[in-house]
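The following paragraphs walk through one chain, from its overall makeup to its core and its strand pairing. Keep the structure open while reading.

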Amino acid sequence: MLDPKLLEILACPACRGPVTPAPDHQWLFCDHCRLKYRVQDDIPIMLVEEAEKWDPAEADPAAGPANGERA
Ligand SMILES: [Zn+2]
């Protein structure tokens with residue numbers, strides 16, 4: 001699990017916006033950039049080059065952010 005304090009200071013490297021952890025804390029999602037960042041051994045890989053595209057419209061609900069509900 002990720003440290004909540006760490007989550008508070010983490011920001012998307014592309015837009016400096018907040019990131020949302022997946023329920024299993026294996027990914028951090030940036031809703032703004034539609035990118036997801038891998039978390040490896042509890043260490044978020046906050047690199048745009050390492051991020052994967054994430055489309056909320058296509059996302060598997062189980063793989064999406066815990067509170068990433070979109071209209
Ligand atoms: Zn972003």
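A residue is called buried here if 20 or more other C-beta atoms lie within 10 Å of its own, and exposed if 12 or fewer do. By that criterion, 20% of the 71 residues of the chain count as buried. The model is a predicted one.

The secondary structure consists of one helix and five strands. Read from the N terminus, the order of elements is α-β-β-β-β-β. Among contacts between residues at least 6 apart in sequence, 28% link residues at least 24 apart.

Which residues make up the largest nonpolar core? The set has ten members: Cys-12, Val-19, Trp-27, Leu-28, Phe-29, Cys-30, Leu-35, Tyr-37, Ala-51 and Trp-54. At least two core residues come from each of strand 2 (27-30) and strand 3 (35-40). Strand 2 gives the most, with four residues. Leaving aside residues up to four places away in sequence, the core member Cys-12 touches Gly-17, Val-19, Cys-30, His-32 and Cys-33.

Strand 2 deserves a separate look. In a regular strand, side chains alternate between the two faces of the sheet. In strand 2, Trp-27 and Phe-29 point one way, while Leu-28 and Cys-30 point the other way. Are these four residues buried or exposed? All of them are buried.

Strand 2 also pairs with two other strands. Strand 1 (residues 20-21) runs antiparallel to strand 2 and is joined to it by two bridges. Thr-20 has Phe-29 of strand 2 as its bridge partner. The hairpin of strand 1 and strand 2 has five residues between the strands, and His-25 in this hairpin takes a positive phi near 60°.

The pairing of strand 2 with strand 3 is likewise antiparallel, over four bridges. Here Trp-27 is matched with Arg-38 of strand 3 as its bridge partner. These two strands form a hairpin with four residues between them, and in the turn Arg-34 has a positive phi of about 55°.

Further along the chain is strand 4 (residues 43-44), which contains Ile-43. Why does Ile-43 count as exposed? Ile-43 is exposed because its C-beta atom has 10 others within 10 Å, and the cut-off for exposed is 12 or fewer. The C-alpha atom of Ile-43 is separated by 9.5 Å from that of Gln-26, a residue 17 positions away along the chain.

Notes:
Residues are numbered from 1 along each chain as its sequence is written. This is a predicted model: local features need pLDDT of at least 70, side-chain atom pairs count only at pLDDT 80 or more; totals for chains, interfaces and linings use all residues. Two residues are in contact if their C-beta atoms, placed from the backbone, lie within 7 Å. A nonpolar core is a set of buried Ala, Val, Leu, Ile, Met, Phe, Trp, Tyr and Cys residues joined through C-beta atoms within 7 Å. Two strands pair if DSSP finds at least two bridges between them.
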